[in-house]
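Hi,

Here is the structure I promised to pass on. Have a look at it first, and my notes follow below.

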4 protein chains.
Amino acid sequence: MMIIMRTSASQEQISHAIAYVEQNGLNVHLSRGTERTIIGIVGDIRRISKETIELMDGVDNVMRISKPYKITSREFQPENSIINVNGVKVGSDEILIIAGPCSVESREQLLESALAIKEAGGHALRGGAFKPRTSPYAFQGMGEAGLELLAEVREITGLPIVTEVMATEQVDLVAKYADVLQIGARNMQNFNLLHAVGKTDRVILLKRGMSATAEELLMAAEYVLSNGNRRVILCERGIRTFETATRNTTDINAIPVLQAQTHLPVILDPSHSTGKWEYVLPIARAAIAAGADGLIVEVHPHPEEAVSDGAQSLKPEKFAQMVRQIRAVAEAVERKVK
Amino acid sequence: MMIIMRTSASQEQISHAIAYVEQNGLNVHLSRGTERTIIGIVGDIRRISKETIELMDGVDNVMRISKPYKITSREFQPENSIINVNGVKVGSDEILIIAGPCSVESREQLLESALAIKEAGGHALRGGAFKPRTSPYAFQGMGEAGLELLAEVREITGLPIVTEVMATEQVDLVAKYADVLQIGARNMQNFNLLHAVGKTDRVILLKRGMSATAEELLMAAEYVLSNGNRRVILCERGIRTFETATRNTTDINAIPVLQAQTHLPVILDPSHSTGKWEYVLPIARAAIAAGADGLIVEVHPHPEEAVSDGAQSLKPEKFAQMVRQIRAVAEAVERKVK
Amino acid sequence: MMIIMRTSASQEQISHAIAYVEQNGLNVHLSRGTERTIIGIVGDIRRISKETIELMDGVDNVMRISKPYKITSREFQPENSIINVNGVKVGSDEILIIAGPCSVESREQLLESALAIKEAGGHALRGGAFKPRTSPYAFQGMGEAGLELLAEVREITGLPIVTEVMATEQVDLVAKYADVLQIGARNMQNFNLLHAVGKTDRVILLKRGMSATAEELLMAAEYVLSNGNRRVILCERGIRTFETATRNTTDINAIPVLQAQTHLPVILDPSHSTGKWEYVLPIARAAIAAGADGLIVEVHPHPEEAVSDGAQSLKPEKFAQMVRQIRAVAEAVERKVK
Amino acid sequence: MMIIMRTSASQEQISHAIAYVEQNGLNVHLSRGTERTIIGIVGDIRRISKETIELMDGVDNVMRISKPYKITSREFQPENSIINVNGVKVGSDEILIIAGPCSVESREQLLESALAIKEAGGHALRGGAFKPRTSPYAFQGMGEAGLELLAEVREITGLPIVTEVMATEQVDLVAKYADVLQIGARNMQNFNLLHAVGKTDRVILLKRGMSATAEELLMAAEYVLSNGNRRVILCERGIRTFETATRNTTDINAIPVLQAQTHLPVILDPSHSTGKWEYVLPIARAAIAAGADGLIVEVHPHPEEAVSDGAQSLKPEKFAQMVRQIRAVAEAVERKVK
């Protein structure tokens with residue numbers, strides 16, 4: 001941390017700032033420029049308050065130099081975390097493909113989806129039993145009945161289950177059925193929920209909030225990791241910008257940015273990041289070319305009958321085409337789809 | 001709702017779309033342009049799916065015409081909702097001023113704040129006992145001990161209590177102590193929580209999410225109202241943009257925009273919407289000039305010692321100056337501060 | 001400027017960075033933390049390249065501490081610049097009100113507007129003769145004929161003329177007629193144009209680009225000032241965000257932010273910053289309450305017949321109401337409308 | 001175009017709106033819903049004003065249905081435009097790679113860059129002679145001397161020249177030397193400049209403004225095409241969002257979005273869209289995987305000595321690696337790099 005004093009700061013003000021730092025057991029390095037004095041702070045800065053210093057007379061600015069997250073950072077763990085999902089080693093050169101309908105609607109719909117996904121080469125089945133919906137009048141999900149269907153279809157197909165948990169009081173219930181607990185974009189900073197899933201032994205799929213920075217996503221992951229659960233997969237799903245041609249703007253930069261900062265695997269959700277099925281294939285290919293460790297896509301046997309997100313769902317044959325294309329792009333970048 | 005067919009749509013495709021609408025018991029009005037055919041839908045559109053239609057062959061676009069919220073809208077209730085907080089009729093010509101520290105830290109800090117706020121003319125005391133923090137290593141609030149301090153200080157000063165509830169399992173506990181339950185920006189779309197506070201008899205202070213549209217804020221309010229609780233105060237607190245000179249960008253337009261759409265009162269939080277105490281007074285004045293029904297501001301007797309948000313907290317004398325200025329601006333726009 | 005070395009930087013890498021700085025005639029102050037070494041640079045940093053240093057091995061980050069603009073900054077000139085427009089001392093406690101139609105359309109339209117504006121208390125007449133339009137098929141302005149009408153109406157009413165100049169080759173022509181040259185939002189970073197108007201002796205009204213930061217606006221002003229023209233008025237006119245309820249988002253924070261950084265006057269354009277006439281009055285009041293030095297608003301005698309921007313234009317009686325309200329708010333904040 | 005009347009609109013208001021449309025020689029189709037009346041307009045809507053109608057009493061909203069651009073749209077020309085640059089048929093299955101330094105600095109720098117680019121497989125040389133710079137104190141380019149160097153290096157290497165033109169008065173000069181005229185992001189809505197380059201016979205590389213929508217980019221292209229020049233290549237170069245980890249946010253969605261709307265080729269500039277050379281390779285790969293028709297990247301033999309954009313420039317060996325990777329990805333998506 002560094003304290004930048006104002007051009008006009010008096011010697012007394014500089015001494016006051018130094019005294020505060022030293023009283024808290026830290027050391028300072030003083031740098032007097034022609035215009036300004038800068039006070040470098042040496043030691044564990046968690047003992048002092050950035051805000052306290054910012055409010056001192058004569059202080060212009062306080063700059064943090066080290067990162068606010070620890071266990072999540074690549075400095076803490078240089079090598080990739082490898083997380084096993086249905087035999088796919090996510091974080092290695094193996095690409096994970098999760099697919100399924102937005103909402104669990106019926107046994108037929110789910111089973112038909114799952115069989116098609118398995119046949120095409122998908123590795124895990126997604127499907128929402130508890131649905132966060134903007135409108136209180138929209139379908140809110142089948143609840144536990146939906147979880148039971150998911151478990152039944154896993155039994156039949158062997159595909160592990162990825163499903164969203166929306167509230168702390170649902171964590172035990174959802175963890176009983178699911179292999180991977182999804183934290184949705186709207187809950188990325190629901191800290192009580194992050195705390196709760198950090199206590200489980202399930203793989204966590206943590207989606208980026210629609211206006212969260214990459215750093216905030218890493219801080220949210222830190223909540224989970226610091227509660228003991230190290231198996232977190234990050235998911236870029238588009239951010240909110242001024243552009244209205246697509247539902248969200250895919251932040252493709254986030255793939256290499258996150259991989260530079262953290263050892264956790266990073267996947268992309270091209271269904272939400274575009275909002276239109278026509279754009280899902282090119283953006284899925286882009287994700288793999290950029291280095292993503294996997295994809296999560298919405299697939300529905302009859303999108304025109306879907307209760308939610310039909311417009312961004314792929315039909316099974318389109319999904320099969322996507323998997324073939326992903327396989328080719330993965331090879332071109334020296335990765336593979338098992 | 002209107003279905004816009006593609007220029008190239010065939011008669012068969014048009015007939016197929018019409019048939020779907022009519023089979024669901026609605027009527028259509030057909031408009032054949034030189035370039036396109038448009039199908040207007042007459043009746044209760046909740047019976048049909050916009051997405052189903054969007055995916056039909058030959059359909060270019062489906063446009064929703066009516067608003068997605070009902071009870072919250074000014075069409076549903078043309079006159080303002082008036083909500084009584086400590087004798088201030090919020091939604092009338094009376095301005096509500098809520099103030100207090102970001103976090104409850106100690107009995108001394110809270111009591112000193114409350115006495116200064118009351119003396120300066122504030123109407124209610126804010127203070128967080130459960131704190132949503134970006135970092136798992138930051139102070140997370142005093143919890144129930146904080147709520148007890150708030151209640152004790154209310155006893156002494158007579159100021160009602162505004163405090164945040166972060167999770168459904170906290171609702172009963174917080175409602176036992178608080179007069180006004182605050183839903184924070186990060187929880188604006190925590191639908192389980194909105195549902196839960198909609199079942200209480202407390203006034204709800206609903207803060208806009210940092211990247212939520214005005215319409216999404218109204219949809220979140222609809223969750224609370226549709227669960228039976230009609231006493232909701234909306235709060236603009238700044239949105240996330242590319243500008244980095246301030247913590248957030250105050251969306252001052254949102255004041256008249258929301259007031260045009262809803263009968264609920266709308267207040268502003270200039271502390272969070274700017275992030276720097278130097279800007280709080282001008283933006284507080286702007287809010288009242290724009291027609292806001294009140295303010296919620298952070299006040300701390302010793303901001304440089306605050307455990308959180310010190311940089312945006314006003315000292316008591318600055319707060320007193322703000323109240324004097326607000327009084328003058330309120331009169332200029334024919335409102336009043338009691 | 002400070003160089004933050006990586007945690008893993010070697011002594012050789014540190015020495016290399018220091019050598020580069022010293023070879024360019026600057027001094028360094030070294031600060032060795034427990035984790036990192038920081039190199040503070042003392043002297044005129046224009047001699048060295050931030051980017052060169054950023055690319056050196058072992059360098060994590062280079063932080064600029066001083067501001068990139070000079071003449072525009074309040075450090076350079078602590079007291080407000082006062083710019084006289086028709087007897088109004090802009091930058092003092094006097095509020096400037098500029099009004100008029102988006103485009104000059106005809107003698108009748110312009111004269112009727114100007115007389116109404118003068119009667120209501122406006123100080124200057126705006127009107128576009130050269131119009132930047134998104135579509136090549138939209139009305140592009142009357143050109144010089146429009147400038148002649150503006151000059152004729154000035155003759156009759158005594159109101160000085162504010163009009164846009166869109167290209168360097170128009171500067172001489174427009175400066176021949178206009179009292180104030182407006183640089184539109186789309187041209188805020190048209191550096192050739194900024195250079196050209198910096199050579200004129202006209203007052204410059206510089207509008208913020210729709211996605212420019214406050215700092216970039218100040219850098220654009222620096223282009224004008226550094227070419228010799230010190231009479232620049234800055235204008236906030238709304239920024240582009242994800243919110244679609246209004247045409248732009250009024251960045252009301254920018255008023256106090258800019259006034260803290262620069263000595264130049266700052267006004268607001270509530271017509272463009274909202275895009276709807278219904279919101280112009282509340283946002284105009286907010287601007288003055290926040291401390292703005294003036295307003296520029298669109299007024300048209302018959303908005304429904306306007307060739308451009310009719311939806312955000314005030315009728316003359318609404319404008320007169322605005323001036324009355326602005327007068328009241330100005331007094332409440334100890335300013336005045338002459 | 002459709003006029004949506006308010007729920008409360010009177011028969012007289014409806015008749016008034018219809019009369020306006022019919023008086024302008026257009027026909028209407030009336031659709032009376034249970035809640036609202038909608039008036040569909042049939043005919044050439046350029047004869048009437050959307051804004052005039054929006055301001056009529058009883059009108060809630062006016063919706064445009066057809067696109068505001070014509071010649072640029074894929075409806076106007078369904079098959080791709082193919083533009084020949086140095087033998088590469090841009091818009092076909094052939095990928096165009098443009099590379100070079102941000103600024104022309106010297107004969108040595110430019111020649112060294114060009115030889116390395118040619119050797120690695122690049123097809124054209126970029127380099128700025130006129131530079132748009134945020135600061136008036138930064139290097140503004142070599143001007144005509146830079147153009148002469150570009151021409152000389154073209155003579156030696158055979159690589160055609162891509163260079164920026166910043167103002168209308170430069171168009172003739174730059175066109176004399178350059179093969180491709182670049183319109184920079186800050187000038188995307190410099191309509192006078194678009195008009196001027198539309199009169200030349202050079203290929204135009206039109207970069208998206210940093211906060212322009214895809215539709216606005218297409219409207220800017222329409223300015224060029226409607227002036228007679230049909231050889232326009234669109235370039236996504238990143239948009240401005242709240243994310244600060246990268247200089248801009250690559251809008252990868254824009255690739256398929258633009259290709260769906262227009263017949264013009266679309267390329268990506270990963271240097272500006274990320275701002276850091278570390279991210280250029282993954283994002284370049286992503287662009288090709290998403291279907292882009294080419295790339296423009298910054299390459300500098302000694303980035304640490306570059307006068308501008310050093311941080312985002314590739315060294316020649318890194319560029320050669322990029323070309324190899326692009327070749328592999330192109331094949332995976334059935335495209336090729338000549």
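C:N248 sits in the loop that runs between β12 (232–236) and α8 (254–261) of chain C; helices (H or I, at least four residues) and strands (E, at least two) are DSSP runs, numbered from the N terminus. This is a predicted model, in which local features need pLDDT of at least 70 and side-chain atom pairs count only at pLDDT 80 or more, while totals for chains, interfaces and linings use all residues. Residues are numbered from 1 along each chain as its sequence is written, and chains are lettered from A and ligands numbered from 1 in the order in which they are written.

Back to the loop: C:N248 counts as buried because 21 other C-beta atoms lie within 10 Å (buried takes 20 or more such atoms within 10 Å, exposed 12 or fewer, partly exposed in between, with C-beta atoms placed from the backbone). Leaving out residues up to four places away in sequence, C:N248 touches C:M210, C:G238, C:I239, C:R240, C:H272, C:S273 and C:G275, where contact means C-beta atoms, placed from the backbone, within 7 Å. C:G275 is 27 residues from C:N248 along the chain, yet their C-alpha atoms are 6.9 Å apart.

Next, the cores. A nonpolar core is a set of buried Ala, Val, Leu, Ile, Met, Phe, Trp, Tyr and Cys residues joined through C-beta atoms within 7 Å. The largest has 200 residues, and B:L206, B:I288, B:V329, C:L206, C:I288 and C:V329 have the most contacts inside it. A second, separate core of 198 residues includes A:A196, D:V174, D:L217 and D:A290. Beyond its neighbours within four places in sequence, C:L206 has contacts that include C:I183, C:M188, C:V224 and C:L234.

You may also like the pairing of chains D and B. Chain D superposes on chain B by a rotation of 180° with 0.1 Å of shift along the axis, at an RMSD of 0.1 Å (a least-squares fit on C-alpha atoms of residues with pLDDT of at least 70 in both copies). The two copies are thus related as by a two-fold rotation axis. D:F242 is the residue of chain D that comes closest to this axis, its C-alpha lying at 2.2 Å. Both copies use the same surface, as 95% of the contact residues of chain D recur in chain B.

Each of the two chains, D and B, gives 20 residues to the contact. On the chain D side, the elements that give two or more residues are β1 (2–5), β2 (27–32) and β3 (37–42).

Best wishes
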